[in-house]
Amino acid sequence: MKQEEYFKKLTAHAKEYGFVFQSSEIYDGLSAVYDYGQNGVELKNNIRNYWWKAMVQLQENIVGIDAAIFMHPTIWKASGHVDAFNDPLIDNKDSKKRYRADVLVEDYLAKIEDKINKEVERARKRFGESFDEQQFVTTNARVLEYTAQSKEIRNRLYAGMDANDMVSIKELIEDLGIVCPVSGTRNWTDVRQFNLMFSTKMGSVSEGASELYLRPETAQGIFVNYLNVQKTARMKIPFGIAQTGKAFRNEIVARQFIFRMREFEQMEMQFFVRPGEELKWFAYWKEERMKWHLSMGIPPEKFRFHDHEKLSHYANAATDIEFEFPFGFKELEGIHSRTDFDLEAHQKFSGKKLHYFDAELNQSYIPYVVETSIGLDRMFLAVLSYAYREEKLADGSERVVLMIPPMLAPVKAAILPLVAKDGLPEKAREIMDTLKYDFNCQYEEKDSIGRRYRRQDAIGTPYCITVDHQSLEDNTVTIRDRDSMNQERITIDKLTMAIAQKIRPQRI
Ligand code: ATP
């Protein structure tokens with residue numbers, strides 16, 4: 001199946017089975033805003049809980065907080081968001097479509113990258129076992145030409161962005177002959193900077209009201225609370241503060257379902273370290289976060305690191321964990337060494353001392369910060385796009401199954417009486433009334449057992465428990481595994497243990 005078609009089916013499935021709905025759908029929707037349905041909210045909660053468990057419960061030196069979305073407006077001045085949280089936008093006059101100018105250039109660069117990869121693959125086939133990729137990419141004339149071209153374009157893009165020179169970005173787009181993917185023309189407007197923060201007003205009378213921003217990231221709530229937490233929890237450096245919550249960005253282009261939303265949720269952790277030790281901790285968190293992703297059982301080839309060449313003004317190292325979405329490898333999580341940029345800025349703008357006293361060194365300093373920042377909705381999309389399968393079965397029939405890692409599945413077990421008579425529903429209800437205290441379960445008695453299995457497959461329920469006539473005699477049931485479709489018989493009193501064991505995460 002082509003990736004585009006796969007993605008279309010996935011989004012249709014997400015709606016049909018109550019995972020994700022377009023916001024305000026009966027009013028024709030609100031662009032890039034989504035609601036989570038009855039199964040979506042369970043999956044989302046499970047991902048968030050698993051992140052929290054890994055980042056707070058399993059870490060002795062990390063605690064969590066929940067800061068408000070509204071914050072003092074000067075915070076966003078100090079953090080640099082008021083002046084610099086901009087994206088360059090450009091419109092095509094024929095299609096009237098709006099794009100991020102830097103993304104148009106990045107897409108062009110990705111095409112050059114593809115050409116290089118094709119050359120490498122062709123050569124690998126030609127040379128077979130003796131192929132030396134490193135030697136090939138540093139000597140092959142065509143590859144060298146592509147690499148030089150790509151470097152020059154990148155330099156021009158970065159120079160233009162750093163100097164806030166939107167005229168040079170427009171020139172770059174024109175020189176490269178980039179056309180609008182919709183109209184196919186080069187009829188572009190000028191490039192303009194656009195601030196991504198949403199603003200609103202606080203206060204009841206309009207004259208006295210002050211302008212506020214909806215937070216574009218959760219991190220600042222942690223920075224401004226860092227001493228409150230450090231003192232009240234008596235934390236010693238190195239220590240971390242974790243938080244999950246909504247963030248808002250007025251994204252220019254938001255087309256890939258829940259990949260890029262205007263209202264979304266982040267899961268962030270800021271780790272406070274001694275100045276000079278930040279790169280050691282950056283390497284540590286890079287590895288830890290990748291281990292977290294792999295602990296769910298999604299294969300490693302779906303993930304890769306992308307180290308940043310161009311760093312933000314506040315960072316001295318940065319990497320993305322990219323996931324292979326149906327539309328290619330894209331950022332899922334960012335890991336940044338943010339130096340003391342934020343705390344220094346808050347100290348300056350608030351006039352409050354934000355130093356930490358390090359008793360071991362007998363020294364007071366502003367800590368450096370390494371952060372891990374992942375989008376909950378993007379993680380949701382990663383899980384869903386890995387999980388969606390269409391399978392042909394041995395008997396010729398087909399099924400759609402969501403192979404969601406069992407610990408994240410919305411419903412852990414379905415309890416199904418084989419038929420809705422002969423006392424089987426009563427027995428099944430008894431089981432439901434026990435299991436529901438430990439797991440999210442569903443009871444279903446309508447339709448044939450085969451159809452009920454399919455419905456549970458489609459929402460990713462890892463275990464179906466079937467109560468049949470034998471159950472009444474010997475207190476056993478069958479438990480069917482979603483992925484293998486194998487069934488085994490076990491006694492009812494062993495069910496809780498059996499399910500708990502199956503949905504427990506691997507050790508990170
Ligand atoms: P991008 O380059 O995709 O715009 P970013 O580098 O601006 O992302 P960060 O500011 O590092 O993203 O935010 C951390 C994480 O928050 C991202 O890795 C992503 O998972 C998530 N995220 C950021 N913007 C959005 C959005 N508009 N919708 C959904 N998730 C988002």
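**Domain layout and ligand shell of the predicted model**

The C-alpha centres of domain 2 and domain 3 lie 52 Å apart. The model is predicted. The domain assignment places residues 86-195 in domain 2 and residues 403-503 in domain 3. Domain 1 is assigned two segments, 18-73 and 211-392. Along the principal axes, the C-alpha atoms of the protein occupy a box of roughly 80 × 65 × 60 Å.

The secondary structure of the protein amounts to 17 helices and 23 strands. Of its 508 residues, 50% count as buried. The accessible surface of the protein is about 25600 Å². Carbon and sulfur atoms account for 49% of that surface. Contacts between residues at least 6 apart in sequence were also examined; 65% of these join residues at least 24 apart.

The ligand is surrounded by 15 residues. Nearest among these are E251, R260, M261, E331 and L332. By class, the shell around the ligand holds six charged, five polar and four nonpolar residues. Three strands each supply at least two residues of this shell: β10 (263-273), β13 (328-339) and β16 (368-375). The most come from β13, which gives five residues.

Polar contacts to the ligand involve both side-chain and backbone atoms of the protein. In E331, a polar side-chain atom sits 2.6 Å from an oxygen atom of the ligand. For E251, the distance from an N or O atom in the side chain to a nitrogen atom of the ligand is 2.8 Å. G375 takes part through its backbone, with a polar atom 2.9 Å from an oxygen atom of the ligand. On its own, the ligand has 590 Å² of accessible area, and the protein covers 84% of this.

Strand β16, one of the strands that supply the shell, also contains T372. T372 counts as buried because its relative accessibility is 0%, and the cut-off for buried is under 20%. Beyond its neighbours within four places in sequence, T372 is in contact with M55, M267, E268, M269, W285, R289, E333, G334 and I335. Of these partners, M267, E268 and M269 fall within the bounds of β10. E333, G334 and I335 fall within the bounds of β13. T372 in β16 is thus in contact with residues in the ranges of the other two strands named for the ligand shell.

Terms used: Residues are numbered from 1 along each chain as its sequence is written. This is a predicted model: local features need pLDDT of at least 70, side-chain atom pairs count only at pLDDT 80 or more; totals for chains, interfaces and linings use all residues. Side-chain values use heavy atoms; hydrogens and water are left out. A residue is near a molecule or strand if one of its heavy atoms lies within 4 Å of it. A polar contact is a pair of N or O atoms within 3.5 Å; within protein, one must be able to donate a hydrogen and the other to accept it, and residues adjacent in sequence count only if both atoms are side-chain atoms. Accessible areas come from the Shrake-Rupley method with a 1.4 Å probe; for residues, only the protein chains shown count as cover. Helices (H or I, at least four residues) and strands (E, at least two) are DSSP runs, numbered from the N terminus. Ala, Val, Leu, Ile, Met, Phe, Trp, Tyr, Cys and Pro count as nonpolar, Asp, Glu, Lys and Arg as charged, and the others, Gly among them, as polar. Buried means under 20% relative accessible area, exposed over 50%, partly exposed in between (1.4 Å probe, protein chains only). Contact means heavy atoms within 4.5 Å. Domain bounds come from an automatic or database domain assignment.
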